[in-house]
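Notebook open, new model on the screen. I want to go through the surface, the fold, the pockets and the cysteines, in that order.

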Amino acid sequence: MWRQVISVLLNLAFDPILIFLVPNGDGGNGLGTQGAAISTVVSQLIVGVWMVWFFVSSKSGATINLSLSSIKGSVDWKMIAKICSLGLGQLLSNTGSQIAPIIFNITFKRELPAESVETYQAAMGAITRIFTLIGMPAMGIAMGFVPFVGYNIGKKQPKRVYLIIKYALICMLLIGGFFLAMVEIFAPSICKAFNSDPLFLEIAPKAMRISISMLWMFPFSYLLLGYFQVAQKALFSLVIGAIQPIGVLILSLVIPKTSLGIEGIWYVQPIATIISTCVSLPLILNIIAKSKKLADKEDATEIIEFEMDDVKV
């Protein structure tokens with residue numbers, strides 16, 4: 001937690017200094033966009049060095065010996081392969097979300113007249129930033145969900161697994177629903193914060209409303225991906241992680257050729273999300289039902305003890 005917080009705080013501190021105050025070599029102050037990039041790299045580097053020190057020192061409780069002899073003699077390649085296979089689904093999911101805007105921008109450049117390309121790319125940039133803003137709280141819950149579920153699967157506590165999945169899903173759906181409502185209602189005002197160009201304001205609000213319309217479905221596949229990782233179901237994790245990016249890639253090639261034309265690009269993310277949810281929802285509902293069934297077999301007194309233990313902790 002502190003690694004995340006300190007990285008953000010350092011970035012916030014360095015940004016105004018490097019963007020506006022540091023001499024730029026041209027007789028003025030401020031490095032602009034370059035300063036923002038340097039700020040991000042420096043803050044990540046500082047925290048990265050700190051984390052390496054933390055794990056090679058005795059403070060972590062799991063000291064890592066980085067000597068060549070130790071590494072050479074203790075590498076477990078089967079374990080490394082297992083870790084990589086379990087993380088591949090998450091890698092595909094995260095990479096796909098970053099590559100999608102690039103695919104869309106390439107499509108705009110290929111299908112649109114030169115004078116319209118920049119406006120459509122600006123609209124996609126605004127949508128991508130709103131996606132990130134809405135997605136971050138839900139992703140935070142999903143990240144916290146993983147160690148809790150993993151621990152309780154290992155401890156054979158179906159009651160806790162059921163409660164964790166249930167409340168994580170409810171929280172993520174509430175967050176997604178709230179932000180979705182805000183975007184649908186205030187899309188024109190949100191777009192004005194990005195750009196005041198008349199053509200942009202004509203295109204972007206509608207595009208934003210369409211692109212984000214199915215974002216509330218996001219928790220199903222994301223929680224399921226995390227569950228399969230901690231349950232050590234590498235193949236299932238890979239499939240769930242790959243559906244969305246593969247769907248985006250195929251749809252971005254097909255939809256602009258249909259009667260929707262280039263405007264159809266705004267429907268790519270919602271349709272890909274629906275496809276992903278159609279696969280994920282039955283699976284996660286099945287997991288919830290099985291966990292609840294196992295939990296119902298346990299005594300009610302154990303539920304009270306579990307809740308009281310949580311309060312004490």
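Before the surface entry, a reminder to myself: accessible areas here come from the Shrake-Rupley method with a 1.4 Å probe. This is a predicted model, so everything below is computed from it.

Surface. I looked up the exposed area and got about 18500 Å² for the protein, with carbon and sulfur atoms supplying 69% of it. I also checked burial: of the 313 residues, 34% count as buried.

Fold. How many helices and strands are there? I find 11 helices and zero strands, so my sketch of the order along the sequence is just α-α-α-α-α-α-α-α-α-α-α. The C-alpha trace spans about 65 × 50 × 40 Å along its principal axes. For contacts, I took those with a separation of 6 or more, and 69% of them join residues 24 or more positions apart.

Largest pocket. I get a volume of about 850 Å³ for the largest pocket. Its lining runs to 41 residues, and the ones nearest the centre are Ser97, Phe131, Met139, Phe218 and Gln269. Which helices supply at least two residues each to this lining? I noted α4 (77-111), α5 (114-154), α6 (158-192), α8 (218-230), α9 (234-254) and α10 (268-296). I then sorted the lining by class and counted 24 nonpolar and 17 polar residues, with no charged ones.

Second largest pocket. This one holds about 500 Å³ of space. It is lined by 14 residues, and Arg3, Gln4, Val8, Met136 and Met143 are the closest to its centre. Helices α1 (2-21), α2 (33-56) and α5 each give at least two lining residues, and α1 has the largest share, with five. By class I have six nonpolar, seven polar and one charged in this lining. Helix α5 is on my list for the largest pocket and again for the second largest.

Cysteines. I searched for disulfides and the count came to zero. Then I looked at two cysteines one by one. Is cysteine 191 buried or exposed? Cysteine 191 has a relative accessible area of 0%, so it is buried, the cut-off being under 20%. Cysteine 278 comes out at 55% relative accessibility, and it counts as exposed because that is over 50%.

Conventions: Residues are numbered from 1 along each chain as its sequence is written. This is a predicted model: local features need pLDDT of at least 70, side-chain atom pairs count only at pLDDT 80 or more; totals for chains, interfaces and linings use all residues. Side-chain values use heavy atoms; hydrogens and water are left out. On a 1 Å grid over the protein atoms alone, a cavity is a set of points where a 1.4 Å probe fits but cannot get out, and a pocket is an open set with protein on both sides within 12 Å along at least five of seven lines; lining residues have an atom within 4 Å of a point. Grid points are joined across faces, edges and corners, and a volume is the space filled by probe spheres set on the points. Helices (H or I, at least four residues) and strands (E, at least two) are DSSP runs, numbered from the N terminus. Ala, Val, Leu, Ile, Met, Phe, Trp, Tyr, Cys and Pro count as nonpolar, Asp, Glu, Lys and Arg as charged, and the others, Gly among them, as polar. Buried means under 20% relative accessible area, exposed over 50%, partly exposed in between (1.4 Å probe, protein chains only). Contact means heavy atoms within 4.5 Å. A disulfide is a pair of cysteine sulfur atoms within 2.5 Å.
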